[in-house]
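Reader: I am new to reading protein models. Can you take me through this one and show the reasoning behind each label?

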Amino acid sequence: MSAVEQYTGRFNLVPAETSAPAYRTPPHNIEAEQALLGAILVNNDAFYRVSDFLEPEHFAEMLHQQIYEVASKLIRAGKTASPITLKTFLPADLDIGGLNTSQYLARLAAEATTVINAADYGRTIADLALRRNLIGIGEDMVNAAYDSPVDFAPREQIE
């Protein structure tokens with residue numbers, strides 16, 4: 001289990017413990033997110049391999065969304081995105097599985113994938129985000145079917 005997965009505090013990490021029973025965990029791959037972010041922090045060229053299709057909201061982990069967003073802003077501004085430059089823009093008081101922000105960023109860089117694999121990892125992250133969105137759409141449809149007003153025809157809901 002990764003350090004991020006161990007932390008279940010204010011960042012709503014996946015899988016987060018909730019009071020409702022969870023029968024299934026939404027599809028995610030924290031290790032792929034970590035490896036891709038590490039690759040970007042080690043070699044900013046990795047960002048350009050995924051920047052056309054990968055958005056911050058594709059990351060399941062909220063902290064990873066923040067890291068990707070800050071890194072992309074720095075890189076697009078012509079600056080270097082590294083553990084040293086990113087830590088300025090992230091909360092310093094985080095406790096991520098016993099690691100502070102600087103230590104976590106350094107760990108990401110140390111466990112980075114190669115630039116060559118960046119696009120594959122990025123596509124995996126985007127595909128899993130699409131699956132989570134599909135699950136959300138399905139849940140919305142089910143909830144709407146259960147809670148439909150009497151005058152709302154089922155055919156209208158299908159459309």
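Reader: What does Thr113 touch, not counting residues up to four places away in sequence?

Author: In this predicted model, Thr113 touches Ala35, Leu36, Ala39 and Tyr121. Contact means heavy atoms within 4.5 Å.

Reader: How far apart are Thr113 and Leu36, in sequence and in space?

Author: They are 77 residues apart in sequence. From C-alpha to C-alpha, they are 6.2 Å apart in space.

Reader: Where does Thr113 lie?

Author: Thr113 lies in a loop. The loop runs between α6 (101-110) and α7 (118-146).

Reader: Why is Thr113 called buried?

Author: Its relative accessible area is 13%. Buried means under 20%, so Thr113 is buried.

Reader: What makes the link between Thr113 and Asn117 a polar contact?

Author: Their side chains are joined at 3.4 Å. The cut-off for such a pair of N or O atoms is within 3.5 Å. The value of 3.4 Å therefore fits.

Reader: Where is Ala110, and why is it called exposed?

Author: Ala110 lies in helix α6. Its relative accessible area is 65%. Exposed means over 50%, so Ala110 is exposed.

Reader: What separates Ala110 from Ala35?

Author: Along the chain, they are 75 residues apart. Their C-alpha atoms are separated by 9.0 Å.

Reader: Now the rings. How many aromatic pairs are there?

Author: There are three aromatic pairs. In one of them, Phe47 and Tyr48, the ring centres are 5.5 Å apart.

Reader: What makes the pair of Phe47 and Tyr48 edge-to-face?

Author: Their planes stand at 70 degrees. Edge-to-face needs over 60, so the label follows.

Reader: Is each of these two, Phe47 and Tyr48, buried or partly exposed?

Author: Phe47 has a relative accessible area of 1%. That is under 20%, so Phe47 is buried. Tyr48 has 48%. That falls between 20% and 50%, so Tyr48 is partly exposed.

Reader: Why is the pair of Phe59 and Tyr68 called tilted?

Author: The ring centres are 5.0 Å apart, with the planes at 40 degrees. Stacked needs under 30 and edge-to-face over 60. An angle of 40 degrees fits neither, so the pair is tilted.

Reader: How do you know that Phe59 and Tyr68 are buried?

Author: Phe59 has a relative accessible area of 1%. Tyr68 has 1% too. The cut-off is under 20%, so both are buried. Ring pairs link Phe47, Tyr48, Phe59 and Tyr68 into a cluster.

Reader: Which residues line the largest pocket?

Author: The lining has Tyr23, Arg24, Thr25, Pro26, Pro27, Arg132, Ile135, Gly136 and Glu139. The volume of this pocket is about 300 Å³.

Reader: How many of the lining residues are nonpolar, polar and charged?

Author: Four are nonpolar, two polar and three charged. Gly counts as polar, so Gly136 goes with the polar residues.

Reader: What is the overall make-up of the protein chain?

Author: The protein chain has eight helices and zero strands. Of its 159 residues, 39% count as buried.

Reader: What share of the contacts with a separation of 6 or more comes from residues 24 or more positions apart?

Author: In the protein chain, these residues account for 66% of such contacts.

Notes:
Residues numbered from 1 in each chain as written. Predicted model: local features only at pLDDT ≥ 70, side-chain atom pairs only at ≥ 80, totals over all residues. Heavy atoms only, no water. 1 Å grid on protein atoms, 1.4 Å probe; cavity = no way out; pocket = protein on both sides within 12 Å on 5 of 7 lines; lining within 4 Å. Points joined across faces, edges and corners; volume = space filled by probe spheres on them. Helix = DSSP H or I, 4+ residues; strand = E, 2+ residues; numbered from the N terminus. Buried < 20%, exposed > 50% of the residue type's maximum accessible area, 1.4 Å probe, protein only. Polar contact = N/O pair within 3.5 Å; in protein donor to acceptor, adjacent residues only side chain to side chain. Phe/Tyr/Trp six-rings, centres within 6.5 Å; stacked < 30°, edge-to-face > 60°.
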